[in-house]
Protein chains: 2
Amino acid sequence: MNRADPQAPVTACDQELALFTDLYELTMLQAYLEESMHDPAVFSLFVRKVPPGRNYLLACGLDSLLGQLEDLRFEQKDLEYLASLGPFSDRFLGWLADLRFTGDVYAVKEGTPVFANEPILEVVAPLPEAQLVETLVMNQIHLQTVLATKAARLVSAAAGRPVLDFGARRIHGIDAAIKGARAFHIAGVAGTSNVLAGRIYGVPVRGTMAHSYIQAHDTEREAFDAFARLYPDTVLLVDTYDTLDGVRRVVDLQERLGEQFRVSAVRLDSGDLDALSRESRRILDSAGLEGVEVFASGGLDEHAIQRLVSAGAPIDGFGVGTSMGISSDVPDLDIAYKLAEYAGKGRLKLSSGKPILPGRKQVFREQRDGIFTGDVIGRCDEERPGDPLLSKVMEDGKRLETHERDLDRLRKHAAASVAGLPQAVRALAKAEPPYPVRVSDALEEYQRRVREAIAADG
Amino acid sequence: MNRADPQAPVTACDQELALFTDLYELTMLQAYLEESMHDPAVFSLFVRKVPPGRNYLLACGLDSLLGQLEDLRFEQKDLEYLASLGPFSDRFLGWLADLRFTGDVYAVKEGTPVFANEPILEVVAPLPEAQLVETLVMNQIHLQTVLATKAARLVSAAAGRPVLDFGARRIHGIDAAIKGARAFHIAGVAGTSNVLAGRIYGVPVRGTMAHSYIQAHDTEREAFDAFARLYPDTVLLVDTYDTLDGVRRVVDLQERLGEQFRVSAVRLDSGDLDALSRESRRILDSAGLEGVEVFASGGLDEHAIQRLVSAGAPIDGFGVGTSMGISSDVPDLDIAYKLAEYAGKGRLKLSSGKPILPGRKQVFREQRDGIFTGDVIGRCDEERPGDPLLSKVMEDGKRLETHERDLDRLRKHAAASVAGLPQAVRALAKAEPPYPVRVSDALEEYQRRVREAIAADG
């Protein structure tokens with residue numbers, strides 16, 4: 001197969017990540033080396049449960065992960081640090097110095113809805129390599145899937161009105177902020193305030209003024225005048241002192257500027273957004289400013305947006321910060337990266353009510369009249385009806401050309417895929433019954449055989 | 001004053017951050033430049049409310065932020081990207097090319113408990129510089145304060161037993177994982193599984209084996225034998241198949257190894273940790289293995305740990321992942337970075353029930369018999385009883401030598417400061433009444449005068 005263009009967007013946070021691993025991965029790696037255990041392993045990444053508050057998960061984060069895997073190598077300073085810890089032999093450290101990720105990765109495309117126990121990706125690689133990357137794989141896919149999933153709900157709630165990402169100030173750190181802006185955009189968010197994400201990924205950037213700009217001027221009027229002179233088609237923030245007075249000052253500005261007035265919108269950032277948007281609309285319309293839009297932000301989540309939209313509040317777009325940036329209601333998923341096969345033998349755990357589906361797998365998504373009707377998790381080599389969701393995206397440690405990386409195409413894929421979900425699954429409320437997912441007979445039979453083999457060995 | 005050693009620990013995520021800002025900061029900056037508004041500004045960073053589920057916040061994140069401010073500069077690729085956006089003039093981009101952060105910073109020491117409306121830091125700088133860094137300042141202090149605060153609760157709940165950070169796999173991205181490990185350690189967490197955080201910050205690293213190591217062997221016994229041969233004083237994970245059978249296999253191992261047996265602990269990672277820890281302890285003690293400790297992990301939060309400790313479960317240490325790494329119950333704080341003074345005039349907002357305390361401020365913490373009795377937020381030049389919490393840590397854009405950066409000393413400071421809180425404030429349950437914080441008469445009077453001046457200008 002052809003290799004993909006290696007000039008992928010890369011962030012500073014993506015550099016020097018070989019040590020971004022849990023210490024136990026390295027102690028296990030040394031043991032694998034001592035025991036000559038370097039046969040191929042299959043690890044599956046999946047979420048054990050779709051949590052309350054979500055009906056589906058929107059898979060995201062694959063491309064940056066594949067780039068990190070391509071670049072993975074231990075630097076001299078990493079090896080010196082490991083040597084200082086004590087338990088690692090010179091032989092092991094020499095082996096680490098030469099280590100590269102040489103595995104294959106099978107994955108669902110970013111922007112694909114997935115459900116409990118469905119593999120989001122599977123790594124096939126010599127056991128030590130597949131083990132080493134556990135922390136990185138989980139961290140990166142978890143982060144971006146959590147955030148894309150939340151964003152898809154906000155976009156649904158806005159029912160066609162643009163949603164903007166204002167989350168950079170409270171999202172958890174720089175890596176999350178940059179990759180989050182990309183994940184949000186894939187999920188349908190129109191743009192981001194985060195300029196660095198704009199530069200790195202080409203996500204459209206948006207933003208105009210903060211309260212501090214108004215405050216730094218002696219009066220709101222001076223501030224509006226100066227800003228509109230420099231940026232004629234700007235959005236003016238009207239709630240620094242009194243929201244409706246702020247809107248009236250926009251009308252005053254129009255009266256003074258006449259033909260030159262081109263302000264595109266007012267932004268409300270506090271208070272009762274339903275009432276204030278209606279009053280603002282009324283004031284603007286009375287002055288003949290029907291073309292000036294009303295934009296709302298300030299503590300919004302998908303439920304607040306849905307209420308405003310249902311109530312018919314005349315709001316043309318929404319800015320969302322913290323609730324999307326942290327996915328505050330569901331900030332984590334029960335994601336797992338589990339050994340499913342080693343040296344040709346299926347593997348699982350027995351205790352703790354956390355079953356593992358052994359071997360390499362495929363997810364088959366069936367549809368009728370363009371609406372998905374249910375998924376079957378099967379063995380990777382089964383012939384079944386339905387669209388297979390996993391495909392090979394990396395071979396021998398290099399991204400394949402067939403791996404989709406283009407942001408606009410991923411965004412369209414996400415929109416089409418979410419539109420293909422049954423209406424109840426796309427809705428904010430809990431879907432009853434949930435989207436149907438079952439395990440194929442062949443995979444169940446294989447799981448039973450593996451369990452029996454372990455019990456016999458025990 | 002003397003400058004601090006510039007060789008601070010720095011992470012890849014701390015590089016090239018000038019564009020890590022909201023677009024509106026840049027549109028405002030260009031307006032400030034056009035309007036020749038570059039007088040000194042004071043911005044205050046504070047949390048508006050201590051949220052339900054917390055009685056205090058543990059301030060954290062200052063040192064990495066100061067390093068980022070020292071390094072802040074626009075690269076050629078940043079300027080080219082901004083030029084491509086349209087609204088920015090060549091004059092402005094040329095000015096950005098030369099921009100450095102030249103301001104002063106006053107801040108509370110990392111590891112200090114703070115409360116609602118108390119400034120965590122104040123930036124005094126020419127308006128455009130102080131404005132530009134808003135996103136970065138908020139993001140970095142928010143992240144690390146959220147995480148340190150959560151960790152302090154877990155450490156309290158463990159009542160002297162070590163708590164380890166196992167959060168790297170689900171914490172929100174790489175920046176959060178690295179800085180989180182440092183924040184947790186300042187808050188009293190004994191060590192981290194995150195090797196990169198160990199290398200960068202010198203946080204002690206910990207970890208032994210995962211379920212996949214057991215699964216990759218044909219039997220648990222083979223896995224235990226091989227691992228204990230390589231790492232004699234290791235911790236063995238016993239719950240892959242059946243927890244108590246796993247503990248019995250540790251006893252078998254001791255019978256085979258005799259004098260050479262040096263396994264230090266078993267780790268329980270699932271199931272009823274109270275019952276399993278008692279049974280495990282009984283099996284180990286019956287075999288004369290009183291010295292083998294029982295370590296617990298798996299979905300723990302501070303409430304679960306407190307229940308186990310109160311119930312007398314024989315657990316010697318705890319590993320905590322997601323709940324600490326994401327602070328899942330309180331993943332965000334209502335943090336704000338607000339203009340408090342410009343060109344010598346106090347500033348505030350009037351609407352929206354979100355008051356700003358104008359001007360540069362100080363927090364005075366009073367104590368009696370070593371226990372803090374309450375705080376007063378005053379003007380920076382007031383003479384008052386109590387320890388002032390803010391001190392100058394950066395001058396003309398460079399960290400001062402008096403700024404505390406040493407991790408062990410910060411850790412001791414945090415432990416002593418948390419120990420100084422009233423018992424009800426340190427506890428997990430809501431403190432009633434909450435810790436007393438009031439605004440000084442002088443500051444209230446100043447706030448009133450500023451409000452009147454704005455109303456008059458309005």
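**Close-up views of a two-chain model**

**View 1. Around the rotation axis.** In chain B, the residue that comes closest to the rotation axis is B:Cys13, with its C-alpha at 2.1 Å. A turn of 180 degrees with a shift of 0.0 Å along the axis lays chain B on chain A at an RMSD of 0.0 Å. That's why we can call this a two-fold axis. The superposition is a least-squares fit on C-alpha atoms of residues with pLDDT of at least 70 in both copies.

**View 2. The surface between the copies.** Both copies use the same surface: 99% of the contact residues of chain B turn up again in chain A. Contact here means C-beta atoms, placed from the backbone, within 7 Å.

**View 3. An open sheet in chain A.** Four strands line up as β16-β14-β15-β19 in chain A, making an open sheet with mixed pairing. At the edges sit β16 (387–388) and β19 (437–439) of chain A, each paired on one side only. Strands are DSSP runs (E, at least two residues), numbered from the N terminus, and a pair needs at least two DSSP bridges.

**View 4. Where β15 meets β19.** Strand β15 (residues 371–379) of chain A runs parallel to β19(A), joined by three bridges. Zoom in on A:Val376 and you'll find its bridge partner in β19(A), A:Arg438.

**View 5. How confident is the prediction?** Chain A averages a pLDDT (the predictor's confidence in each residue, from 0 to 100) of 95, and 97% of the residues score at least 70. For the model, ipTM is 0.96 and pTM is 0.96.

**Notes.** This is a predicted model: local features need pLDDT of at least 70, side-chain atom pairs count only at pLDDT 80 or more, and totals for chains, interfaces and linings use all residues. Residues are numbered from 1 along each chain as its sequence is written, while chains are lettered from A and ligands numbered from 1 in the order in which they are written.

Methods: Contact = placed C-beta atoms within 7 Å.
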